[in-house]
Amino acid sequence: MSETPNNETNPAGSPARRIDGSEAVNLAAEQSKNTAHRNIPGLGFESMPLADDTANLREGPSLHDGLLALLPLVGVWSGHGQANDNGDEYAFGQQLVISHDGENYLRVESRLWRLDADGEPQGPDQREVGFWRISAADEIEVTLTNSRGLVEILYGEPVNERAWQVTSASTIVTATGPDKHGPGKRLYGLMPNNNLGWVDERVVDGEMTPYMSAELTRVAG
């Protein structure tokens with residue numbers, strides 16, 4: 001996906017509203033008819049006194065009630081996207097795992113790999129892990145750690161029951177991290193075909209500029 005989702009390709013144009021539990025479950029069931037039998041593997045450590053993470057709402061602990069506004073995101077997603085990292089333009093593949101363990105947060109893990117002109121994998125790119133939380137007032141709190149040496153905190157809110165936007169509040173770069181990585185914002189939205197589209201824009205020379213975008217298909221959950 002090379003363009004920011006608009007009102008024709010995702011639901012970001014309608015006003016936010018709180019979604020109730022049964023409606024959230026029904027929406028998730030409709031979106032995952034063909035992937036309901038798949039999940040991420042458990043760790044298999046019998047001595048661990050905690051439930052395994054699950055990316056399938058039919059398995060493992062029940063989703064925490066506080067996460068209902070984020071429920072449609074839970075699953076394993078895979079697809080392709082485009083990046084423009086300060087002039088370094090390239091295509092990438094992505095696997096995005098959004099899981100939970102019954103507590104009031106989502107665990108998010110993203111792995112990217114570069115693609116050549118023929119769409120063939122050319123080795124690993126960025127990795128990112130983090131957590132999504134949401135308050136009783138529907139304020140989304142995101143903490144992310146990137147393999148390039150970045151730690152970021154973002155805040156935002158649901159645009160509606162199928163779209164979510166977060167904006168950078170703080171970005172820390174390690175001594176060996178990228179020297180040009182401005183604050184930005186991300187928009188995630190379920191498209192009419194139930195794929196997950198996302199766009200990341202960053203401030204470059206004082207202007208918000210497209211940085212990364214992708215369209216992902218649900219493969220589990």
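**Exercise 1. Find which residues V166 touches, leaving out those up to four places away in sequence.**

Step 1. Contact here means heavy atoms within 4.5 Å. With that rule, V166 touches I140, V142, L154, Y155, G156, K185 and R186.

Step 2. Now place the residue: V166 sits in strand 7, residues 163–173. Strands are DSSP runs (E, at least two residues), numbered from the N terminus.

Step 3. Check its accessibility. V166 has 2% relative accessibility and counts as buried; buried means under 20% relative accessible area, exposed over 50%, and partly exposed in between, with a 1.4 Å probe and protein chains only.

Step 4. Take one of the partners, R186: V166 and R186 are 20 residues apart in sequence, yet 5.4 Å apart in space, C-alpha to C-alpha.

A word on ground rules: this is a predicted model, where local features need pLDDT of at least 70, side-chain atom pairs count only at pLDDT 80 or more, and totals for chains, interfaces and linings use all residues. Residues are numbered from 1 along each chain as its sequence is written, and side-chain values use heavy atoms, with hydrogens and water left out.

**Exercise 2. Work out which side chains of strand 5 are buried and which are not.**

Step 1. Walk along residues 140–146, and you'll see the side chains alternate.

Step 2. I140, V142, L144 and N146 point to one face and are buried. E141, T143 and T145 point to the other face and are not buried.

**Exercise 3. Find what strand 5 pairs with, and in which sense.**

Step 1. Two strands pair if DSSP finds at least two bridges between them. Strand 5 pairs with strand 4 (residues 121–134) in the antiparallel sense, over seven bridges. One of the partners to look for is L144, bridged to G130.

Step 2. Strand 5 also pairs with strand 6 (residues 150–160), antiparallel and over seven bridges. Here T145 has V151 as its bridge partner.

Step 3. Look at the turns. Five residues lie between strands 4 and 5 in their hairpin, and D138 in the turn has a positive phi of about 65°. The hairpin of strands 5 and 6 has three residues between the strands, with G149 at a positive phi near 105°.

**Exercise 4. Find where R114 lies relative to Y90.**

Step 1. A charge sits over a ring if NZ of Lys or CZ of Arg is within 6 Å of the ring centre and within 35 degrees of the ring normal.

Step 2. R114 lies over the face of Y90, at 3.5 Å from the ring centre.

Terms used: Helices (H or I, at least four residues) and strands (E, at least two) are DSSP runs, numbered from the N terminus.
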